[in-house]
Amino acid sequence: MLLALLLCYVGFTALCLSMPRHHDELLGRKPSSRRVRNLKLAGWLLLCLSLWAAVAAKDWGFGLVDWFAVSMFSALLLVLLMPYRPKLALALAALSLLAAPVAAWAWW
């Protein structure tokens, strides 16, 4: 489930960064239309990949339940961090992106 959690958090952060307001707040500049499109695509792909990781870990019955729990937790964490500690939210996304291959390797 760690892999699904990490991928969900990075996916939601990518979707968050695809919004011009949050992109400007976190990175200090407005995103181009190409960057917005790429961030949305990356966010949705990471969420789909996290669903695959959850289902592969525990089959469809429990995997979907675990994925919904993990996705709600990661979205809640991001929503709670954005108003008060936006740089921490971005740093956690970077660490999650770096830790995801390690979690995938440990899972296999």
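I take a helix to be a DSSP run of H or I with at least four residues, numbered from the N terminus. The model I am reading is a predicted one.

**Entry 1: Pro86**

I looked up Pro86 and found its place in helix α4, which spans residues 86–107. Is Pro86 buried or exposed? Its relative accessibility is 18%; buried means under 20%, so Pro86 counts as buried. Leaving out residues up to four places away in sequence, I noted that Pro86 touches Glu25, Leu26 and Leu81. I also checked Pro86 against Phe12: the two are 74 residues apart along the chain, and their C-alpha atoms are separated by 14 Å.

**Entry 2: helix α2**

Leu26 led me to helix α2, residues 20–27. Which residues of α2 are buried? I listed His22, His23 and Leu26. I then looked down the axis of α2: these buried residues fall within an arc of 100°, so they line one face of the helix. An α-helix has 3.6 residues a turn, so residues three or four places apart point the same way. What do the buried residues of α2 pack against? I found α1 (2–17), α3 (33–84) and α4 (86–107). After α2 comes Gly28, and its phi is positive, near 85°.

**Entry 3: the cores**

Next I looked for nonpolar cores. How many residues does the largest one have? It has eleven, among them Tyr9, Leu17, Leu26, Leu39, Leu81 and Ala93. Helices α1, α3 and α4 each supply at least two residues of this core. There is also a second, separate core of nine residues, including Leu6, Leu7, Ala100 and Ala103.

I followed Leu17, a member of the largest core. Beyond residues up to four places away in sequence, Leu17 touches His22, His23, Leu26, Leu27, Leu39 and Leu90. His22, His23 and Leu26 were already in my notes as the buried residues of α2.

**Entry 4: Thr13 and Ser71**

I checked Thr13, which has its place in helix α1. Thr13 is buried, with a relative accessible area of 4%. Which residues does Thr13 touch, not counting those up to four places away in sequence? I found Leu78 and Ala93, and both are on the list for the largest core.

Ser71 has its place in helix α3. At a relative accessible area of 7%, Ser71 is buried. With residues up to four places away in sequence left out, I noted that Ser71 touches Cys8 and Phe12. I compared Ser71 with Leu88 as well: they are 17 residues apart along the chain, and 19 Å separates their C-alpha atoms.

**Entry 5: salt bridges**

How many salt bridges does the whole structure hold? My search found two. Side chains of opposite charge can pair when their charged atoms come close.

In one of them Asp24 pairs with Lys30, with the closest N and O atoms 3.9 Å apart. Asp24 counts as partly exposed at 31% relative accessibility. Lys30 is exposed, at 56% relative accessible area.

Asp66 and Lys58 also meet in a salt bridge through their side chains, at 3.1 Å from N to O. Is Asp66 buried or exposed? Asp66 counts as buried at 17% relative accessibility. Lys58 is partly exposed, with a relative accessible area of 42%.

**Entry 6: Asp59**

From Lys58 I moved on to Asp59, which lies in helix α3. I looked up its phi and noted a value near 70°, positive in a residue other than glycine. Most residues other than glycine have a negative phi. Asp59 counts as exposed, at 56% relative accessibility.

**Entry 7: the surface**

My last search was for nonpolar residues on the surface. Which residues form a nonpolar patch there? I found Leu49, Trp52, Trp107 and Trp108, with about 500 Å² of accessible area together. I placed Trp52 in helix α3. Trp52 counts as partly exposed, at 45% relative accessibility.

Technical notes:
Residues are numbered from 1 along each chain as its sequence is written. This is a predicted model: local features need pLDDT of at least 70, side-chain atom pairs count only at pLDDT 80 or more; totals for chains, interfaces and linings use all residues. Side-chain values use heavy atoms; hydrogens and water are left out. Buried means under 20% relative accessible area, exposed over 50%, partly exposed in between (1.4 Å probe, protein chains only). The arc is that of the directions from the helix axis to the C-beta atoms. Contact means heavy atoms within 4.5 Å. Patches are made of residues with over 30% relative accessible area and no salt bridge: like charges are joined within 9 Å, nonpolar side chains (Val, Leu, Ile, Met, Phe, Trp, Tyr) within 5 Å. Accessible areas come from the Shrake-Rupley method with a 1.4 Å probe; for residues, only the protein chains shown count as cover. A salt bridge is a side-chain nitrogen of Lys or Arg within 4 Å of a carboxyl oxygen of Asp or Glu. A nonpolar core is a set of buried Ala, Val, Leu, Ile, Met, Phe, Trp, Tyr and Cys residues joined through side-chain atoms within 4.5 Å.
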